Amino acid sequence: MTIATQSAAGWAGRDLGSRTVAWDERDVILFALAVGVKPDELDLVYERNLRALPTFGLTLGQWAPDELGSLGAFPIETSLHGSQKLVVHSQLPPRGRATLSARVDGVWDKGSAAIFDVSVSCEFFTAVWSIFAPGCGGFGGRRGSNVAAAESLSFATSVRTAENAAALYRLCGDRHAIHIDPLAARAIGQDRPILHGLATLSTSVVALARHRGTHPADLATLSGRFRSVVLPGDELRIDVSKTPADGFVVSGPQGVVIDSAAATFAD
């Protein structure tokens, strides 16, 4: 058993503390533009009657998985964002302040890797980041549940990501170099900087809401597993499933990029 695997199980249940964050209309609008909101969707890009996209909350909680990595729970250079969950409790105001509390909900043993579930909660939402950490498994812990794939997919809609999507999204809080620096991208085997997984997920949800004829700010729950990369400018195809009815899969030029996904919207 390696030092990494000895330490992995011990992180389960760890309190990561709390952080008070503030935001204003500029932050909300920048996020909306970064995830593909159109300039004529005024209640998402204009201060008058502005509504915040619920997935904007994920930018407010990004500090938590970053904090866990910086504490040495997993190697930051090789770990990946495996999946994401979001449950909305109440709508984020366009300007506000919230205290976010974070903890490690669990650590799952996948053999050659471990998965760290990091939850962040506040009055507006609860979110869970699942971080896939190669080399941290094999400690004899529980494997966790397997995620069921959607069935009976049918084409719903498509959306093209903007060439500057990653450059914009990083200004919302996730400034990892692989999203802007060609040298950092090449170090992970990519020809150029890649789009953030959460940007891809948010962009897909906005397009899915348009397809369903609902407002993207009415998102109630969201989940999805990240499978492969998206490059800024890629066109995404969104297929919906009949089982479950709220399931969907996102594909791009590199294949399936998000699967085992589901989104519900408030009535």
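Let's start with Thr55 and what surrounds it. Setting aside neighbours within four places in sequence, Thr55 is in contact with Phe31, Leu86, Ser202, Leu219 and Leu222. Bear in mind that this is a predicted model.

Where does Thr55 sit in the chain? It is in the loop between H3 and H4. Is Thr55 buried or exposed? Its relative accessibility is 5%, and the cut-off for buried is under 20%, so Thr55 counts as buried. What does its side chain do there? It makes a polar contact with the side chain of Ser202, at 3.1 Å.

Now take those partners in turn. Phe31 first. Phe31 belongs to helix H2, and it is one of the buried residues there. H2 runs from residue 25 to residue 34. How many of its 10 residues are buried? The count is 7, so the helix is mostly covered. The buried set is Glu25, Val28, Ile29, Leu30, Phe31, Ala32 and Ala34. Note Glu25 in that list.

What covers them? The cover includes strand S1 (15-23), helix H3 (42-45), helix H4 (56-60), helix H6 (165-169) and H8.

Look at the ends of H2 too. Asp24 caps the N-terminal end. One of its side-chain oxygens lies 3.1 Å from the backbone nitrogen of Arg26. After the helix comes Gly36, with a positive phi near 90 degrees.

Next, H8. This helix covers residues 197-212. Thr200 lies in it. Thr200 has a relative accessible area of 3%; under 20% is buried, so Thr200 is buried. Which residues does Thr200 touch? Beyond four places in sequence, they are Leu195, Val230, Leu236, Val257 and Ile258.

On to the strands. S2, residues 80-88, and S7, residues 219-226, run antiparallel and are joined by 5 bridges. In that pair, Ser83 stands opposite Arg225. S7 also pairs with S10, residues 255-265. That pairing is antiparallel as well, over 6 bridges. Here Phe226 stands opposite Ile258. We have met Ile258 already, as a contact of Thr200. As a general point, side chains in a regular strand alternate between the two faces of the sheet.

Now the core. How many residues does the largest nonpolar core have? It has 76. Those with the most contacts inside it are Trp23, Leu68, Leu100, Phe116 and Phe248. Which helix gives the most to this core? Helix H8 does, with 8 residues.

Take Leu68 as an example. Apart from residues up to four places away, it touches Trp11, Leu16, Ala73, Phe74, Val104, Phe116 and Val118. So two of the names just given, Leu68 and Phe116, touch each other.

Last, the whole chain. It has 8 helices and 10 strands. The radius of gyration is 18 Å, close to the 18 Å from the globule rule for 267 residues, so the chain is as compact as a globular protein of that length. Along its principal axes, the C-alpha trace spans about 55 × 40 × 40 Å. Buried residues make up 49% of the 267.

What about contacts across the sequence? Of those between residues at least 6 apart, 73% join residues at least 24 apart. The chain exposes about 12,300 Å², and carbon and sulfur atoms supply 52% of that area.

To finish, back to Thr55: a buried loop residue, with its side chain in polar contact with that of Ser202.

Conventions:
Residues numbered from 1 in each chain as written. Predicted model: local features only at pLDDT ≥ 70, side-chain atom pairs only at ≥ 80, totals over all residues. Heavy atoms only, no water. Core = buried A, V, L, I, M, F, W, Y, C linked by side-chain atoms within 4.5 Å. Buried < 20%, exposed > 50% of the residue type's maximum accessible area, 1.4 Å probe, protein only. Helix = DSSP H or I, 4+ residues; strand = E, 2+ residues; numbered from the N terminus. Contact = heavy atoms within 4.5 Å. Polar contact = N/O pair within 3.5 Å; in protein donor to acceptor, adjacent residues only side chain to side chain. Rg over C-alpha atoms; globule rule 2.2 N^0.38 Å. Areas by Shrake-Rupley, 256 points an atom, 1.4 Å probe, with all protein chains shown as cover. Pairing = 2+ DSSP bridges.
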